[in-house]
Amino acid sequence: MTSRRTRPQRPRTVFRDLHGLLLLDKPAGMSSNQALQRVRHLLRARKAGHTGALDPLATGLLPICLGEGTKLAGHLLGNAKAYRTRARLGRTTDTADADGQTLLERPVPPLDAEGIEQALRPLRGRIRQRPPVYSALKQGGEPLYAKARRGETVEVPEREVEVHALELQAIGGDWVDLHVVCGSGTYVRSLVTDLGEALGCGAHVEVLRRLWVQPFTDPRMVTLDALQAMDEATRESRVLPVEAGLTDWRRLSLDAAQARELGHGRPVVVREPAGEVAVFDGTGRALGLCRIEADGRLRVNRLFSWASGGGQGATAP
């Protein structure tokens, strides 16, 4: 009689409350959600989210929001972002990047900086852009890529986006390198597609790297491999406090009495101009995101848990 071998059980991860932001350098070949889950398990964070998906082909900055830091995700998602991309000319694909199937191949004309600049000019500023069919945008509650993978015909309407900068960096025989700074909702794949059509040969994204996301314009990123190799204390030291994600917000400091009233849901009136603000207490700890109304009243958008006396600050042991 033989005994059946059983695999040793992996110890279950014991999650804990951990609050802050981690600036991940996402590797190629992995979805943003896969990268997020790796980070979450390495840090044993009970709650986590990211601020705008990168395609599996793409690398670079993926801010990971942990715990109460997830309350900043919508704000960071809407911020400006910068990319470096290589557009490969002469081939269009169904995904508009190198991971897709070829749709059409065309000869590449002779390239020079003047001709490329002429093609780039209409793609700057406030422009109308059609997002890729293979994207996470939803129609009827379902991502477009799911419909496309089933072979359904997908009509994607154009929308207005902001391209702050689109600069030529280098030219090869059948490729160009570009530097892109753009607003929320802009697809670099669509910019490259439109550039290829303007040049008459088609194009797709071969390389894409996100360089920064405002306010992290000079980010100290960490790779998954490096994070894996660290001990727990060192990993935790790479988690930034939530305040790091608020440096581009207008700041409003409250005294102890006002902070207490705000945390308990009672009215607070300030003598400040109307508008959106990040609210801090006298120690410099962020309490939440609010709007100052015309009469000086603070209207709460999001409060961090510790504003009412509960929870911890940037991290939890």
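Biologist: Let's start with one residue: is Leu21 buried or exposed?

Modeller: Keep in mind that this is a predicted model. Leu21 sits in strand S1, which covers residues 20-26. A residue counts as buried when its relative accessible area is under 20%. For Leu21 that area is 0%, so Leu21 is buried.

Biologist: Good start! How far apart in space are Leu21 and Glu68, C-alpha to C-alpha?

Modeller: Along the sequence, 47 residues separate Leu21 and Glu68. In space, the distance between their C-alpha atoms is 9.4 Å.

Biologist: Now the whole chain: what share of its contacts with a separation of 6 or more comes from residues 24 or more positions apart?

Modeller: The chain has 317 residues, and 47% of them are buried. Its secondary structure comes to eight helices and 17 strands. Among contacts with a separation of 6 or more, the share from residues 24 or more positions apart is 68%.

Biologist: Let's look at the open sheet of four strands. Which strands stand at its edges?

Modeller: The order in this sheet is S14-S15-S16-S17, and the pairing is mixed. Each edge strand has a single partner strand, so one side of it is left without a neighbour in the sheet. The strands at the edges are S14 and S17.

Biologist: And which residue is the bridge partner of Arg251?

Modeller: Strands of a sheet can pair in a parallel or an antiparallel way, through backbone hydrogen bonds. S14 and S15 take the parallel sense, over three bridges. In S15, the bridge partner of Arg251 is Ala278.

Biologist: Time for a helix! Why do the buried residues of H8 line one face of the helix?

Modeller: H8 spans residues 256-263, and its buried residues are Ala259, Leu262 and Gly263. Seen down the axis of H8, they line one face because they fall within an arc of 95°. As a general rule, an α-helix has 3.6 residues a turn, so residues three or four places apart point the same way. For H8, then, the arc to remember is 95°.

Biologist: At what angle does H8 run to S17?

Modeller: The cover over the buried residues of H8 includes strands S15, S16 and S17. H8 lies across these strands, and its angle to S17 is about 70°.

Biologist: Last one: at the start of H8, which residue's backbone nitrogen does a side-chain oxygen of Asp255 reach?

Modeller: Looking past the other end, H8 is followed by Gly265, with a positive phi near 75°. At the start, the side-chain oxygen of Asp255 comes to within 3.2 Å of a backbone nitrogen, and that nitrogen belongs to Ala257.

How values were computed: Residues numbered from 1 in each chain as written. Predicted model: local features only at pLDDT ≥ 70, side-chain atom pairs only at ≥ 80, totals over all residues. Heavy atoms only, no water. Buried < 20%, exposed > 50% of the residue type's maximum accessible area, 1.4 Å probe, protein only. Helix = DSSP H or I, 4+ residues; strand = E, 2+ residues; numbered from the N terminus. Arc of directions from axis to C-beta. Contact = heavy atoms within 4.5 Å. Polar contact = N/O pair within 3.5 Å; in protein donor to acceptor, adjacent residues only side chain to side chain. Pairing = 2+ DSSP bridges. Axes fitted to C-alpha atoms, helices over the stretch in contact; angles between N-to-C directions.
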